[in-house]
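Student: Hey, I've got a protein to look at and don't know where to begin. Can we go through it together?
Tutor: Sure, let's pull it up.
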Amino acid sequence: MKQIVLVCFLAFALSSCKKQGSVQTLYLAHTLPQTHPVHKGILEFKKALNEKSNGKMDVRIFPDGQLGSEREVLELLQIGSVAVTKVSAATLSNFVPEYHVLGVPYLFRDKQHQFEVLEGEVGKSILEKGSKFWLRGLCYYDAGSRSFYTANKAIRTPEDLKGLKIRVMNNQMAINMVNALGGSPTPMAYGELYTAIQQGVVDGAENNPPSFVSSNHHEISKYFTIDEHSSVPDVLLIGTKFWDKLSNQERQWVQEAADESAKAQKIFWQESVEESMEIAKKFGVEIIIPEKSLFQDKSKSVLEDFLKDFPEMTDIVTKINKQ
């Protein structure tokens, strides 16, 4: 049934991602709920674009995975059925290899360094790399940093991970990282994770604070260790099939609106992190601030293995380290 609905939408979208009267409408689909700080950033994109174009351009948003998974929506961009989407750089790396770099553990020294890189030469270069795959990056959104949380055993040093089954995304970088730290990586669907923790199928998982709370994992996890091992951003993208039809002025409006939305979204994200941590504490979750260098040292092999597999990425990593 979902496929039938999607096919019907595509037929509609192909005719409606065009100028309706004097208004150019961009269809934007993403998978997140409307309470999410990224969705709030997207609302700022819609508002800024409408204001900059004096009402000549508008955005129609389809949240909550209405049009499919991140991968499915990326494919819709590639064929021109949807104009814009927001996806994780991890998902995007399956289409544009350069995004793999952003998943390297402890690639960024801190949040300031991360956005200096993303908003500078390296970050902009990666955004542009997607154009040859019909996926032009507009800007990065803050998706926080992933940290470990566990049901019954506190993680204060890497040694505490020994023997623990940790749910990870089905992503080789994440699997290699948990292995390097001594844990037992266990890929599984996110929707199955609450029950898996509750029943002891896994001992814990890793994610950012807003996701930890929005998924209700704070109800069944006693410990949250803020080791911040990876900081994979989200990316706001526009399909080149749509971008190429825009005038230079319209492209300028779209890019400026995206940049402004990124600034606002950072604030929304930080507010969400602070709120989430307060909620977790009220549920009795112990917030642990470990010595990050211990985790960083043990995970260095992940970068070494990555560069063996992708030697062409060495120059990007070198530039990031020097910045």
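Tutor: One term before we start: the strands and helices we'll name are DSSP runs, numbered from the N terminus, with at least two residues for a strand and at least four for a helix. Also keep in mind that this is a predicted model.
Student: Okay. Can we start with the second largest pocket? What's its volume?
Tutor: The second largest pocket comes out at about 480 Å³.
Student: And how many residues line that pocket?
Tutor: The lining has 27 residues, and those nearest the pocket's centre are Lys111, Ser145, Glu228, Ser231 and Lys292.
Student: Which elements give two or more residues to the lining?
Tutor: Those are helix H5 (111-118), strand E10 (223-230), helix H11 (248-282) and helix H12 (292-298). The largest share comes from E10, with six residues.
Student: How do the lining residues divide into nonpolar, polar and charged?
Tutor: There are 11 nonpolar residues, nine polar ones and seven charged ones.
Student: How does anyone find empty space in a model, anyway?
Tutor: You roll a probe the size of a water molecule over the atoms, and that shows where space is left.
Student: Neat. New topic: in what order do the six strands of the open sheet come?
Tutor: The order is E8-E7-E9-E6-E10-E12, and the pairing is mixed. At the edges sit strand E8 (184-187) and strand E12 (286-288), each of which pairs on one side only. On average, neighbouring strands here are turned by 30° against each other, ignoring direction.
Student: Which helix packs on that sheet?
Tutor: Helix H7, residues 172-181, packs on the sheet and touches strand E6 (146-150), E7, E8 and E10. The direction of H7 makes about 155° with that of E8.
Student: Mixed pairing, you said. In which sense do E7 and E9 pair?
Tutor: Strand E7 (residues 165-168) and strand E9 (residues 204-207) are parallel, with two bridges between them. Ile166, for instance, has Gly204 in E9 as its bridge partner.
Student: And in which sense do E6 and E10 pair?
Tutor: E6 and E10 are antiparallel, over four bridges. One pair to find on screen is Arg146 with its bridge partner Ser230 in E10. E6 is also joined to E9 by four bridges, and that pair runs antiparallel too. There, Ser147 stands opposite Asn207 in E9.
Student: Why is E6 described as largely enclosed?
Tutor: Five of the five residues of E6 are buried, so the rest of the structure largely encloses this strand. In a regular strand, side chains alternate between the two faces of the sheet. In E6 both faces are covered: Arg146, Phe148 and Thr150 are buried on one side, and Ser147 and Tyr149 are buried on the other.
Student: What about strand E4, how many of its residues are buried?
Tutor: Five of the five in E4 (residues 84-88) are buried, so E4 is largely enclosed as well. Val84, Lys86 and Ser88 point one way, while Thr85 and Val87 point the other way.
Student: Which strands is E4 joined to?
Tutor: Among them is strand E2 (residues 23-29), joined to E4 by two bridges and running parallel. Leu28 is opposite Val84 there. Strand E11 (residues 234-239) is joined to E4 by five bridges, and those two run antiparallel. In that pairing, Lys86 has Leu236 in E11 as its bridge partner.
Student: Back to the helices. Is Ser261 buried or exposed?
Tutor: Ser261, which is in helix H11, is buried, with a relative accessible area of 0%. Leaving out residues up to four places away in sequence, Ser261 touches Gly41, Glu44, Phe45, Cys139, Tyr141 and Leu236.
Student: Last thing: which residue follows H3 with a positive phi?
Tutor: That's Gly80, with phi near 85°.
Student: Which residue that isn't a glycine has a positive phi of about 60°?
Tutor: Asp64 does. You'll find Asp64 in the loop between strand E3 (57-62) and H3, and it is partly exposed at 40% relative accessible area. Trp134 also has a positive phi, near 70°. Trp134 is in the loop between helix H6 (121-129) and strand E5 (135-141), and counts as partly exposed at 44% relative accessibility.

Methods:
Residues numbered from 1 in each chain as written. Predicted model: local features only at pLDDT ≥ 70, side-chain atom pairs only at ≥ 80, totals over all residues. Heavy atoms only, no water. 1 Å grid on protein atoms, 1.4 Å probe; cavity = no way out; pocket = protein on both sides within 12 Å on 5 of 7 lines; lining within 4 Å. Points joined across faces, edges and corners; volume = space filled by probe spheres on them. Nonpolar A, V, L, I, M, F, W, Y, C, P; charged D, E, K, R; others polar. Pairing = 2+ DSSP bridges. Axes fitted to C-alpha atoms, helices over the stretch in contact; angles between N-to-C directions. Contact = heavy atoms within 4.5 Å. Buried < 20%, exposed > 50% of the residue type's maximum accessible area, 1.4 Å probe, protein only.
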